[in-house]
Amino acid sequence: MKNSPDFIYGTAWKEDKTKSLVLLALRKGFLGIDTANQRKHYNESAVGEAISEFLSKTNGSRKRLFLQTKFTHIGGQDQRLPYEPDAPVSEQVQQSFVNSLKHLRRDFIDSYILHGPSIGVGLSEEDWKAWAAMESLFDNGKVKALGISNISLEQLRLLMKGARIRPKFVQNRCFASRKWDRDIRIFCQKNNLTYQGFSLLTANHKIVQSSFLKQIAQQYQRTPSQIIFRFAYQLGIIPLTGTSNATHMADDLEIRDFSLNEDDIRKIEENTIY
Ligand SMILES: NC(=O)c1ccc[n+]([C@@H]2O[C@H](COP(=O)([O-])OP(=O)(O)OC[C@H]3O[C@@H](n4cnc5c(N)ncnc54)[C@H](OP(=O)(O)O)[C@@H]3O)[C@@H](O)[C@H]2O)c1
């Protein structure tokens, strides 16, 4: 997982607390930050304010941080669009990206993600045009890697086949009921893609709260959330957390300090509490 952080702090749904929470996360030790130019769920300019303040106050190096943002098709936006609604999608990508750089106060982004295909099955002409515009940003050195989110295996295969610049990251909601997105994870491993998992806790309430997991947590003297994040990490997933709680931030980063044995990994992966 070279050139990728071991844990990513996600900035969705924080509204006017975005700046203070991102600052807190950076101070706690998160090196990866995920956002999107999608005002409906993210406050990207507040993320930029936090990063600037953190770097100036700590004399920190931008190079240590991993900044990731997204282009969101019009269907995923509300009325606060980061581009002209009638512009061709390739221009919308350009406009959205220029705005992201302004919001984040940076001149490059480590990872630029297509927030999701515009259709449920296959990839549309709009998706391919958006991807081509993202490839141009990569060519110009403005983004260091491309990624795709909310994607099925079938769509990922299509993208890998047709892309001139292939994605490096896949960011998906990770359901225990799909064996923690097993098919896509395996595909990623085989194709040198890094899988980022979100909703690891919120999409999997039953297992997170189960006595089965509590028992494993007790055995390792960790919390059930720490077990899930560590489990995900050992499966090859870069976990995302969007916690608003300082103790949880510290807990989450502590997954660096222990590991689960193979037997427990298999037990969790094969478990059917969902
Ligand atoms: N690509 C996409 O379409 C997409 C979609 C959704 C999310 N994301 C990304 O993923 C990030 C994370 O989102 P998420 O869906 O995984 O949910 P989340 O925002 O991280 O929510 C986690 C929930 O679990 C609770 N929690 C309890 N113990 C925790 C612990 N130890 N660590 C962390 N949380 C704990 C949190 O409460 P406390 O706040 O009290 O800890 C919170 O209510 C987002 O901010 C966003 O960047 C991307």
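These legends describe close-up views of the ligand shell and of helix 4 in a predicted model. Residues are numbered from 1 along each chain as its sequence is written. Local features need pLDDT of at least 70 and side-chain atom pairs count only at pLDDT 80 or more, while totals for chains, interfaces and linings use all residues.

**View 1. The shell around the ligand.** The ligand is surrounded by 23 residues, each with its C-beta atom, placed from the backbone, within 6 Å of the ligand. Gly 10, Ala 12, Phe 198, Gly 242 and Thr 243 are the closest. By type, the shell holds 15 polar, five nonpolar and three charged residues (nonpolar: Ala, Val, Leu, Ile, Met, Phe, Trp, Tyr, Cys and Pro; charged: Asp, Glu, Lys and Arg; polar: the others, Gly among them).

**View 2. Elements that supply the shell.** At least two shell residues each come from strand 8 (237-241) and helix 10 (246-253). Helices (H or I, at least four residues) and strands (E, at least two) are DSSP runs, numbered from the N terminus. Helix 10 gives the largest share, three residues.

**View 3. The two faces of helix 4.** Asp 127, Ala 130, Trp 131, Ala 133, Met 134 and Leu 137 are the buried residues of helix 4 (buried: 20 or more other C-beta atoms within 10 Å of its own; exposed: 12 or fewer; partly exposed: in between; C-beta atoms placed from the backbone). They lie on the same side of helix 4 because they cover an arc of only 160 degrees around the axis, taken from the directions from the helix axis to the C-beta atoms. Exposed Glu 125 and Asp 139 are on the face turned away from the buried side of helix 4.

**View 4. The end of helix 4.** Gly 141, just after helix 4, has a positive phi of about 75 degrees.
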